[in-house]
Each structure stands twice: as structure tokens, then as C-alpha cells.
Amino acid sequence: MTIKQKLLLLIVGGVLALLLVGGAGLYGIKQTEKGLTEVASNCMPSAIQLLTASEAQTDISRRAFEAAGWEREFSDRAREGIAKSLEMKKAAWKRAEDALAKYAALPMTDEERKTWESFQASWNAWRSGGEKR
């Protein structure tokens with residue numbers, strides 16, 4: 001083999017190695033894109049809706065205790081405080097229900113669906129008790 005042939009073989013080998021590394025990089029980018037698309041289109045919206053419902057649930061409980069705090073006072077200020085607490089509690093119920101409805105509309109795995117159905121029964125029991133307060 002001449003030096004010219006050896007150099008040509010080295011260049012061809014280098015180009016092939018470069019193509020192989022580039023192809024592996026492109027494959028990795030595509031896999032990352034699929035994962036990020038899943039996170040952006042399903043996981044993040046799910047987490048946002050569940051956190052919104054959780055925040056609303058906390059607000060509902062807080063408003064119930066807040067209204068109860070005004071219970072022993074018989075002034076106009078107390079009536080206004082109770083009315084404001086109940087109004088904010090009603091808004092929190094709406095936020096929770098809206099967030100859970102949006103969550104239910106998102107795609108779920110079989111395991112998530114089973115957990116969701118179990119949660120709905122617990123939520124309905126909590127809601128029926130919470131509406132009495």
C-alpha cells in the first residue's frame with residue numbers, strides 16, 4: 001500500500017467514524033425530544049392540575065376554619081367576614097373542580113386510571129363532608 005492509499009483509507013475511516021458519531025447524536029436528540037414532548041404535553045399539565053386542586057383543597061379547609069372563627073361574634077364585621085370566607089370557599093371549590101376536570105381529560109396510563117378512580121371516590125367523600133362545613 002502506498003502512502004496515498006493509506007491516507008485515503010484514513011480519511012474514509014475518519015468520515016465513517018464521524019458519520020457514526022453524528023448518527024448516534026441525532027438518535028439521542030430524537031429520543032430526548034420524544035421524552036420532552038411527553039413531559040410538556042402530559043406530565044406537566046397533569047402536575048399543574050393536581051397541584052391546583054391540592055391548593056384549592058387547602059384553601060377550602062382554611063376558609064371553613066376562618067368562617068368558624070367568626071361564628072361567635074355577632075357584629076356586622078363578623079357577618080361580612082363570614083360572607084367573604086364563604087364566597088372565597090365557593091371560588092376554591094370551583095377551582096378544584098375545574099382542575100380535576102382538566103386532569104381527567106388528560107391521557108393516563110392504566111395504573112394512573114386506577115389510582116384516579118380510587119381518588120375520585122375519596123374526593124367525593126371529602127367533598128360531601130366539606131360542603132357541610
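Buried means under 20% relative accessible area, exposed means over 50%, and partly exposed lies in between, with a 1.4 Å probe and protein chains only. The structure is a predicted model, in which local features need pLDDT of at least 70, side-chain atom pairs count only at pLDDT 80 or more, and totals for chains, interfaces and linings use all residues. Residues are numbered from 1 along each chain as its sequence is written, and side-chain values use heavy atoms, with hydrogens and water left out.

**Exercise 1. Place Q49 in its helix, decide whether Q49 is buried or exposed, and list its contacts away from its sequence neighbours.**

Solution. Begin with the element: Q49 belongs to helix 1, where helices are DSSP runs (H or I, at least four residues) numbered from the N terminus. Next take the accessibility: Q49 has a relative accessible area of 15% and is therefore buried. Finally look for partners, with contact meaning heavy atoms within 4.5 Å; once neighbours within four places in sequence are left aside, Q49 is in contact with A99, K102 and Y103. Of these partners, A99 and Y103 are listed among the buried residues of helix 2.

**Exercise 2. Describe the span of helix 1 and of helix 2, and locate the kink in helix 1.**

Solution. The expected span of a helix is 1.5 Å times one less than its number of residues. Helix 1, which covers residues 3–70, has 68 residues and reaches 96 Å from its first C-alpha to its last, close to the 100 Å expected. Helix 2 has 30 residues and reaches 44 Å between its first and last C-alpha atoms, close to the expected 44 Å. The kink in helix 1 is about 40° and is centred on V39, the bend at a residue being the angle between axes fitted to the seven residues ending there and the seven starting there. For a pair of positions along the chain, take G25 and L9, which are 16 residues apart in sequence and 24 Å apart in space, C-alpha to C-alpha. G25 is itself found in helix 1 and counts as partly exposed because its relative accessible area is 32%.

**Exercise 3. Which residues make the nonpolar surface patch, and how does V12 count in accessibility?**

Solution. Patches are made of residues with over 30% relative accessible area and no salt bridge, like charges being joined within 9 Å and nonpolar side chains (Val, Leu, Ile, Met, Phe, Trp, Tyr) within 5 Å. Here L8, I11, V12, V15, L16 and L19 make a nonpolar surface patch of about 590 Å², with areas taken from the Shrake-Rupley method. V12 is found in helix 1, and because its relative accessibility is 41%, V12 counts as partly exposed.

**Exercise 4. Work out the salt bridges and the other contacts of R63.**

Solution. Side chains of opposite charge can pair when their charged atoms come close. A salt bridge is a side-chain nitrogen of Lys or Arg within 4 Å of a carboxyl oxygen of Asp or Glu, and the structure holds eight of them.

1. R63 pairs with D59, the closest N and O atoms being 3.1 Å apart; both residues lie in helix 1, four residues apart, about one turn of the helix, and both are buried.
2. R63 also pairs with E66, again with the closest N and O atoms 3.1 Å apart, and these two residues of helix 1 are three residues apart, about one turn of the helix.
3. R63 counts as buried because its relative accessibility is 6%, whereas E66, at 30%, is partly exposed.
4. Apart from residues up to four places away in sequence, R63 touches S85, M88 and K89, and its C-alpha is separated by 14 Å from that of R95, 32 residues away along the chain.

**Exercise 5. Explain which parts the salt bridge between R127 and E97 ties together, and identify the network formed by salt bridges that share partners.**

Solution. The side chains of R127 and E97 meet in a salt bridge with an N to O distance of 2.5 Å. Since R127 lies in helix 3 (residues 110–132) and E97 in helix 2 (residues 76–105), the pair ties together parts that are 30 residues apart in sequence. R127 is partly exposed, with a relative accessible area of 23%, and E97 is partly exposed at 29%. Salt bridges that share partners join E55, D59, R62, R63, E66 and R95 into one network. Beyond its neighbours within four places in sequence, R127 is in contact with W93 and E97, and the C-alpha atoms of R127 and W93, 34 residues apart along the chain, are separated by 8.9 Å.

Definitions and conventions
Accessible areas come from the Shrake-Rupley method with a 1.4 Å probe; for residues, only the protein chains shown count as cover.
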